Amino acid sequence: MPVVHETPTAEEFKTEVLEKYSSKVAKKRSKQIIINKVENKEDVPEILANSRTIPGIITMRGCAYAGCKGVVLGPTRDILQITHGPIGCGFYSWLTRRNQTKPVTDQDENYITYAMSTDLQEDEIIFGGEKKLRAAIDEAVAIFHPKAIGIFATCPVGLIGDDVHAVARAMEEKYPDINIFGFSCEGYKGVSQSAGHHVANNKVFTDVVGINDTFTKPGKFKLNILGEYNIGGDAFEIERIVADCGLTLHSTFSGNSTYEEFSSAQNVDLNVVMCHRSINYLAEMMDKKYGIPWFKVNFVGAEATSKSLRKIAQFYQDDELIKKTEAVIEREMAEVEKVRLDVKSRCEGKTAVLYVGGSRAHHYQELLGEIGLNILSAGYEFAHRDDYEGRKVLGSIVIDADSRNIEELTIEADPKRYKPRISAEERAKREKDGFEFADYHGMMSEMPGETLIIDDCNHYELEELLDRFHPDLVCAGVKEKYVVQKRGIPMKQLHSYDYMGPFAGYKGAVNFYREIDRLLNCNAFKFTKAPWDTDPELSATYGFNS
Amino acid sequence: MLLRHTPKEIVERSALTINPAKTCQPVGAMYAALGIHRCLPHSHGSQGCCAYHRSALTRHYAEPIMGSTSSFTEGASVFGGQSNMLESINNIFTLYDPDIIAVNTTCLSEVIGDDLKQIINRAIVDNKIPPGKTVMFASTPSFKGSHVTGYANMLTAMVQNFAEKTGAKNNYVTLLPSFIEPSDMSEIKHIAAEMGVQYIMYPDTSGVVNAPMDGKFHMYPKGGTPKELIRASGDSRSAIALGRVGTFQAAQLLDTKCKVKTDILDLPIGITATDAFVDTLRKTAGVTVPESINTERGQLVDVLCDKAQYVYGKKVSLMGDPDTLYGLVQFCKDAGMRILHVVTGTPAGAKWDRRMKELTGEGTIVKSGAQADLFYLHQLLQNDRPDLLFGNTYCKYISRDMDIPLIRTAFPIYDRIGHSYVPITGYRGGLNLLIKVLDILMERQDRDAPEEKFELVM
Ligand code: SF4
Ligand code: SF4
């Protein structure tokens, strides 16, 4: 028997949730909990995002170090990565993000399974840790002979004033054929992981991209995919599809990637961006410096994948490519449809909420929509206003104390390497015809009015939401997983995929449909209440009574 | 080869830790704090540490792990975290209503030098702490010790904050366990209960991080030691601390602060160590060992005698936390195994090294603290290959590369279930452990046997 719940309106929910907060906190949260309203196709209300977490609030967020080392650099297999700091940070960023990588041969470098740290001790905290960092690099070079070393600064290192960049420079002088670079990604920078993404983008851009003019891959249509981290093998599936279409994927930033691919990434004609939040900076800077145009794609969801492939083919304006792409789409969609319709028949009309990442809460709505789920509410852990409202608001985002400490690079065209892939006139013409470059409309314009958009949703708000809206499915991260499941509501992790995947591309879509089908329809959750929990005790009858 | 870059030749290192066999203090402190009833762990520093610690414990236990943070940004890092902490206290009591907030520091707040004692006093003076509620803290700098040290520090803080000597002795025996699984906490309580001993045990994470599913989310599950009992431990007739590295400091404090006579024993893992625990309990509480405990013991000894040929003389290497390692090595010795290597990243101290060496005997490599990491262990293994490896989930890369069976017994375990439900302490835990070891070794024998040697009955 289905349970009927009285569901509040978004407005009622918001008012009631804010009541429990102190007035100061309520004032802030009221700007982060927004009732969506889409006017003129994409005018949406303003949201407060990328704002400080409230102290004492049980938060879903992490830190800049996690965004830099964990998200952006972590998936590269042959950049040796040393965390400079006490042991914990390095330990926790060790393999837990499930970035898969596949070296071409058994001899190829692969440091993904290693976690290296300077493991700073009290003495070094007092007297400085640079000496130990230098020694650590010496030891790393002696054992591994890597071609590149990244150094990641943690909170205490920033405080005691260790200069990871100076050490990197000095060590590079000592080992001229190794590229050594540091990241000022101290955990307290910014307000979330997002600061670390930016720090990572800047350094990879200044110290790695563009230094290798010779390496290239065969093919006519070359592109990079930015913001794809190969969780659960997503990048492998995307590699398969784009190769079938006849495209050459030069490098993925940074899933299943190598240093050589990064350093020569300027040798392509197109950048496409998956996770807007974590890597839009790099796309933007490569456009300015090398003349490589970029646009936003999404390979999460079968329809979204087809749409993205078509846009890429359209960019190159090559009939052969367009034909091949259509053939791939047709072939793949035939397989997808069979599963989709079957799964949809069991999932249609169910409801979900998503609080995750800085793009995933948007991307995964496409997949869920394909099997008929309705999204009640969504929000990001560490997005900025443009991820919600679209890039048109970029100019109006105010720089505050927490964003000021992350360097904003000024980029000029590279005198030697700048080469507009399509001329300014051509670009303007295409844009007039509706082809969008360098744009992202954000999540809100694609969600219906009256849905709740919650930025930096916290534990208390999540609980309230579950209590009042009773969604059938929750998508979030590992810290939220069991909070939700204890209530008997299935929860899908969208950072780690619950150790499954891939979920991107066509095969990924099929995997995901089946997984959601299992979550919504499997027996396990039906056992959460024992039979005697719902049966009133007194109605029990004894044999001798009958 | 997943760890293809690890050479066989052992090179001296002094600065680079590769694949650590330890992690940082707060995660241990957070775990210990979860063993107090209605306690919310709070991490004082930037939020990344707290996110990492909660994630690590969540992955290890597959359970909700609650914890709040002071969420420092750069400003707090420069000007100090007092206002963040005071604001946290406010928000925590209004939103989550715990009885106790157990604060652990991170390396960040330690480096700044935030004085939590003063901050908490300030909160008291400003009436920010509701009546009957407590805010306590443990200093857990990550640049000292390891997660085990963090656990020990939080346990000590419990004694410091709550244990009280009123002068009127009660009938309880206080039990202070080192960093062990909730299943092991249950097993120790089971032994005490079977023996008819009135006990107080803290921390006690059983029922908290292995709580049942009942269709509701409980921010504070039924388990955990109530603070009244921790208070009463100051009047207990005696105390037994189990696991020296994790409990020494707390045990000493209970002794000096409340004059409770305290025995410090090893964790009851394996026959020898469990015998010592049971015997001490018997003597201090003045009880006789009941038939049920003798049966449990007898069953373990029985299986060991029956199947000793499969374990006797087998070579083992172990990594993990110092107290558990001491127990496991003891267990392996009980079973007649040969210990090749023992490695813990925790700087367990010269005394531990010495005791461990005495236990293992000549020819075993024992290393703790700096550069005692999994890279080093892997190198050792390439030079002297064991038949069996004990360690945490990260050892699976070594295990796969070298085709050495792995028994998961340390922290963290991200890839197998059971550790939070099935104990390794006590006689019953010993039997579980022995069955695990036998299963894996006998399966090897089956797998590797030539056809003519493949046996039905073993
Ligand atoms: S900053 Fe310190 S406390 Fe935080 S995770 Fe790193 S080592 Fe642990
Ligand atoms: S949205 Fe996802 S992929 Fe992008 S940064 Fe966030 S967690 Fe990573």
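This is a short dialogue on reading the interface between chain A and chain B in a predicted model.

Biologist: Where do I start, and how many residues of each chain are in contact?

Modeller: Start by counting who touches whom. Here 82 residues of chain A are in contact with 74 residues of chain B.

Biologist: And what about the size of the interface?

Modeller: People often give that as the accessible area lost when the parts come together. For chain B and chain A, about 6800 Å² is buried, and carbon and sulfur atoms give 63% of that. Look up His5(B), Tyr52(B) and Phe143(B) too: they supply 11% of the area that chain B buries against chain A, more than any other three residues.

Biologist: How many salt bridges does the rule find across the interface?

Modeller: Four of them between chain B and chain A. For one to look at, try Lys24(A) with Glu87(B), where the closest N and O atoms are 3.6 Å apart. Polar contacts are worth a look as well: the rule finds 36 residue pairs across the interface.

Biologist: Which elements of chain B supply the side that touches chain A?

Modeller: Several supply at least two residues each, including strand E2 (39-44), helix H4 (82-96) and helix H15 (374-383) of chain B. H2(B) gives the largest share, 10 residues. Sorted by class, this side of chain B has 37 nonpolar, 26 polar and 11 charged residues.

Biologist: How do the strands joined across the chains run, parallel or antiparallel?

Modeller: Strand E3 (residues 116-117) of chain A and E1(B) run antiparallel, joined by two bridges. To find the spot, pick Met116(A), whose bridge partner in E1(B) is Ile18(B).

Conventions:
Residues are numbered from 1 along each chain as its sequence is written. Chains are lettered from A and ligands numbered from 1 in the order in which they are written. This is a predicted model: local features need pLDDT of at least 70, side-chain atom pairs count only at pLDDT 80 or more; totals for chains, interfaces and linings use all residues. Side-chain values use heavy atoms; hydrogens and water are left out. Contact means heavy atoms within 4.5 Å. Buried area is the accessible area (1.4 Å probe) that two parts lose on being put together, summed over both. A salt bridge is a side-chain nitrogen of Lys or Arg within 4 Å of a carboxyl oxygen of Asp or Glu. A polar contact is a pair of N or O atoms within 3.5 Å; within protein, one must be able to donate a hydrogen and the other to accept it, and residues adjacent in sequence count only if both atoms are side-chain atoms. Helices (H or I, at least four residues) and strands (E, at least two) are DSSP runs, numbered from the N terminus. Ala, Val, Leu, Ile, Met, Phe, Trp, Tyr, Cys and Pro count as nonpolar, Asp, Glu, Lys and Arg as charged, and the others, Gly among them, as polar. Two strands pair if DSSP finds at least two bridges between them.
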